[in-house]
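Trainee: Got a minute to walk me through this one? I'd like to start with how the helices pack.

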Amino acid sequence: MCGIFGVWNFESLTGAHLHRVSSLLRHRGPDDEGFAVVQNGVVRAFAGHSSSDATHAILPNDFSCSNALLHRRLSILDLSSAGHQPMKAEGRNIHIVFNGEIYNFRELIKTHNLSTTTLTDTEVVLQLYARLGTVCFSEFRGMWAMAILDLEKGELILSRDRFGIKPLYFSEVNRGLAFSSEIKPLLSLPGIDPTWSKTKLLQFLTFGATDNPHETFIDSVSALKPGYFRRWNLGSMQHEEFAFYNLRKPTQPHAGPKKSFQEVFDESIREHLIADVEVGSCLSGGLDSSAIVVRASQGSEVFKTFTCTFPDEAIDESSYARKVAEDNPKLEQHFTTPTAPDFISGFDALILLQERPIGSASIFAQYSVMQLAASKGMKVLLDGQGADEVLGGYYPFAGAYLLGLLKKGRLGQFRKDLSALKKNFNPAMGKAMLRAAFYALPGPLQVAARKRNRIGSKLISQACRKGASQLSSPRRGSSDFKELTLRSIEYGLYELLHYEDRNAMRFGIESRVPFLDHRLVEWALEQSPGTLMHNGWTKYPVRLELENAGLAKLAWRKDKLGFVAPQERWMKELQPQLVALLSETPVPDCIDRNALNKLLTSGLSQPEHLSEFWRVWSLLRWLHLFEVRISE
């Protein structure tokens, strides 16, 4: 796992600019640093101040770097200097900077009869591209963001994994191109300014989201879409964009007998454990991370887990995390308890890290877990992210499932499952069905309902209310179970993966998500909703996994808490500080400062309103910290 950056035809850049960028990406790759600079068609390799490669000179500050690649390495596979990047294909004028893991790289070596000189997946990617071209992206299983500089064809290619697990941003200025793993390095370049449109700001305030799930919150910076690659002609700087993967249109039907959930899950876990460093796991105490830990720890003498705990809070799941270890002596458990003072003192640093407003205080809880893991020397962690979206674990899925039974006229099954879901999942199934039915309403009615139930729209100033009244509501949900799954992956999960990447990489940790092996995701989409939501039990296949592992009490638990923080208590504790900070924080014209202050002093108790408050508060801090200018 690493940090990548590059520029092409970006005039006036020097080695000093690239050293500044490298320092901004250091947390993503503290183990090594490398540069490749192209001048008059000749590629020169340079080292950085923290490079492990002593064969190259340090990049001079005054060296012209209009065309260059930069890499910060977190060493996971082949820890030797053989894994140094940027990497060049043997005998070819093709270069790569790569961030991620290709879990089937050893299989690809055999399948394509590759001859490799390192034990890295990066070399396999480079060789396979040199042999097959961009067709190779479809053969990879894993997570990645990469840039391939093909000087033989005069092209630069950016590629991103199927679900956007790893980030990749780019900006085009005056026929010049810059790309990066994070946004701050791009903003450090001349000509890239932090502006954001008023329309997007109003939509975010009103609905908590924008139309574009890949919104970067900076108008001049774009995110490469998941499952896509983009190719630039280095002469004309014209580009083409192609999808190599579309979850809505599978292009490779499965051959042979269909596999069970246990088979695809076990395959995913085995591959996600491939590393030349120790692998551990986050363990919330929920179904998903527990299932991962049970399988992943089977081949280890000691397997470390990391849990966030809030003693004496209703949201605390640490007792379930401890149950996983009761009959598993291999587990070495570690716990952390972040506090309200920790949260507020580190809030600005968290926003600078995330580079966007955050969705709730739970993101800080995840940050604290990664910090704990780093203190214990971990470089790779598994995480249960994606299971709820892929396997129908969230509350709205139950409503969509029940509505689906009604639409098909399966009244007997409907009554049976309604009763079972009330008993085993949540008694408020009527509300779940109404929530699902909401997405079948005409657009204007959805907008009106959202505005009535959200507090963000009430914070918009009088001068901007007319503009806000004309906005459409982002279509994030659905009343159909399968469509809800797809949208949950495309929208909500994409946002959560952003938070996870930043929180983990801040501490030089590679976070891996086994539930997002694309074979497992495709398996889930091939199932009927009744397979995933069976007899009133959500995520039924995962529960069976846990029961088979001897964790029946955990498998059939009825409550679902999620990865959360005590937002209400924290807000009450921090209220005086927040009021004082608000008086010092710049507020854009579109936000009514008095309304926000009233909201802050009156207090909130509904969970969705608490998350919404933290979202608005983080928006204000983000605007201030990044000096964002709101454009008309």
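Mentor: Sure. It's a predicted model. Take helix α10 (residues 347-354) and helix α18 (residues 481-505): their axes come within 9 Å and cross at roughly 110°.

Trainee: How are α10 and α18 oriented to each other, then?

Mentor: Angles of 65 to 115 degrees count as roughly perpendicular. So α10 and α18 are roughly perpendicular to each other.

Trainee: Is the crossing of α10 and α18 left-handed or right-handed?

Mentor: Right-handed.

Trainee: Which residues make the contact?

Mentor: On α10, L350, L353 and Q354. On α18, H498, Y499, R502 and N503. By class, that contact has 3 nonpolar, 3 polar and 1 charged residues.

Trainee: Switching to strands. What's the order in the open sheet of 7 strands?

Mentor: β3-β2-β4-β1-β10-β9-β12, with antiparallel pairing.

Trainee: Which are the edge strands?

Mentor: β3 (42-47) and β12 (222-223). Each pairs on one side only.

Trainee: How many bridges join β2 to β4?

Mentor: 6, between residues 32-39 of β2 and residues 68-73 of β4. These two strands run antiparallel. Within that pair, A36 stands opposite L69 in β4.

Trainee: Zooming out. How many helices and strands are in the protein?

Mentor: 25 helices and 20 strands.

Trainee: And what radius of gyration does the protein have?

Mentor: 25 Å. A compact globule with 632 residues would be near 26 Å, so the value agrees. Along the principal axes, the C-alpha atoms fill a box of roughly 70 × 60 × 45 Å.

Conventions
Residues numbered from 1 in each chain as written. Predicted model: local features only at pLDDT ≥ 70, side-chain atom pairs only at ≥ 80, totals over all residues. Heavy atoms only, no water. Pairing = 2+ DSSP bridges. Helix = DSSP H or I, 4+ residues; strand = E, 2+ residues; numbered from the N terminus. Axes fitted to C-alpha atoms, helices over the stretch in contact; angles between N-to-C directions. Parallel < 35°, antiparallel > 145°, perpendicular 65-115°, else oblique. Left-handed = near helix turned anticlockwise from the far one by under 90°. Contact = heavy atoms within 4.5 Å. Nonpolar A, V, L, I, M, F, W, Y, C, P; charged D, E, K, R; others polar. Rg over C-alpha atoms; globule rule 2.2 N^0.38 Å.
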